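Grab a pencil and work through these exercises with the model open beside you. Try each task before you read its solution.

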Amino acid sequence: MDHEARHADTPPEPRADETPARHPGDSRDETLDERADRNWAELLQELRVTQMGVQILTGFLLTLPFQQRFGELDTAQRTVYLCLVVLSVIATGLLVAPVSLHRMLFRKHLKARLVTSADRLARVGLVVLALVVTGTVLLIFDVVVGWTAAVVAAVGALVLFALLWVVLPLGLMRRARAGGE
């Protein structure tokens, strides 16, 4: 019996884009491509929020040297300010990079890689954004009320970000796994 006759009644292997991609506890019946498309759309919605915020924050920081009181900053405050500008530019780059990736990879059949890379960039971008916001709180409180209050406010901001952006999601995942949700 030749090769073709032996496999005539065997259905062909499904292509990766036609294979349902089920994860435990996920009732969606979608292909890998459909999952990548959905994940990309969800990531874009998240990035729209963060991109606007980081761009507004960067714009705010870039206008500070043109304010009258900027000349009154001491050396330490100017150093903090310049570090914040650099971090803000890095955060902007990280959070806008997925758009550039999409443009470069458009129609190259690399959606899954695009989503994975964009997710990583967004995660690092959020960490840098938390540092920028925390540092901005530090600088503003230092200028307005003093160093001690600035450190307390900055630590409070950083703890808030850690609780909302890390501890809460991890807790929800842990509860979902424990409860079989």
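**Exercise 1. Find the volume of the largest pocket, then work out what lines it**.

Step 1. The largest pocket of this predicted model holds about 1,000 Å³ of space. A pocket here is an open set of points on a 1 Å grid over the protein atoms alone, with protein on both sides within 12 Å along at least five of seven lines, a 1.4 Å probe being the test sphere. Its volume is the space filled by probe spheres set on the points, which are joined across faces, edges and corners.

Step 2. Now the lining, meaning residues with an atom within 4 Å of a point. There are 25 such residues, and Leu 43, Glu 46, Asp 119, Arg 123 and Leu 126 are the closest to the centre of the largest pocket.

Step 3. Sort by element: helix 2, helix 4 and helix 5 (147-179) each give two or more residues to that lining. Helix 5 gives the most, with nine. Helices are DSSP runs of H or I with at least four residues, and strands are runs of E with at least two, numbered from the N terminus.

Step 4. Sort by class: 16 of the lining residues are nonpolar, three polar and six charged. Ala, Val, Leu, Ile, Met, Phe, Trp, Tyr, Cys and Pro count as nonpolar, Asp, Glu, Lys and Arg as charged, and the others, Gly among them, as polar.

A word on ground rules: residues are numbered from 1 along each chain as its sequence is written, and side-chain values use heavy atoms, with hydrogens and water left out. As this is a predicted model, local features need pLDDT of at least 70 and side-chain atom pairs count only at pLDDT 80 or more, while totals for chains, interfaces and linings use all residues.

**Exercise 2. Do the same for the second largest pocket**.

Step 1. Its volume comes to about 320 Å³.

Step 2. Of its 15 lining residues, Asp 33, His 109, Leu 110, Lys 111 and Ala 112 sit closest to the centre.

Step 3. Helix 2, helix 3 and helix 4 each supply two or more residues to the lining of the second largest pocket, and helix 2 supplies the most, with four.

Step 4. By class, that lining splits into eight nonpolar, two polar and five charged residues.

**Exercise 3. What pattern does the chain follow along the sequence**?

Step 1. Count the elements: five helices and zero strands. Read in order, that is α-α-α-α-α.

Step 2. Buried residues (under 20% relative accessible area; exposed is over 50%, partly exposed in between, with a 1.4 Å probe and protein chains only) make up 28% of the 181 residues.

Step 3. Look at contacts (heavy atoms within 4.5 Å) between residues at least 6 apart in sequence: 60% of them join residues at least 24 apart.

**Exercise 4. Check the span of helix 2 and of helix 4, then see which residues of helix 2 are buried**.

Step 1. The expected span is 1.5 Å times one less than the number of residues. For helix 2 (residues 32-63), with 32 residues, 46 Å is expected, and the end C-alpha atoms are 45 Å apart, which is close.

Step 2. Helix 4 has 34 residues and should span 50 Å; its end C-alpha atoms lie 48 Å apart, so the values agree.

Step 3. The buried residues of helix 2 include Arg 35, Trp 40, Leu 43, Gln 51 and Leu 61. Among the elements covering the buried residues of helix 2 are helix 3 (75-105) and helix 4 (111-144).

Step 4. Zoom in on Gln 51, which counts as buried because its relative accessibility is 15%. Leaving out residues up to four places away in sequence, Gln 51 touches Leu 95, Val 96 and Val 99.

Step 5. Gly 93 belongs to helix 3. The C-alpha atoms of Gly 93 and Gln 51 are 9.5 Å apart, though 42 residues separate them along the chain. Gly 93 is partly exposed, at 40% relative accessible area.

**Exercise 5. Which phi values are positive at Arg 107 and His 109**?

Step 1. Most residues other than glycine have a negative phi.

Step 2. Arg 107 has a positive phi of about 65°, and His 109 has one of about 60°. Neither is a glycine.

Step 3. Place them: Arg 107 lies in the loop between helix 3 and helix 4, and so does His 109.

Step 4. Arg 107 counts as exposed because its relative accessibility is 70%; His 109 is exposed too, at 81%.
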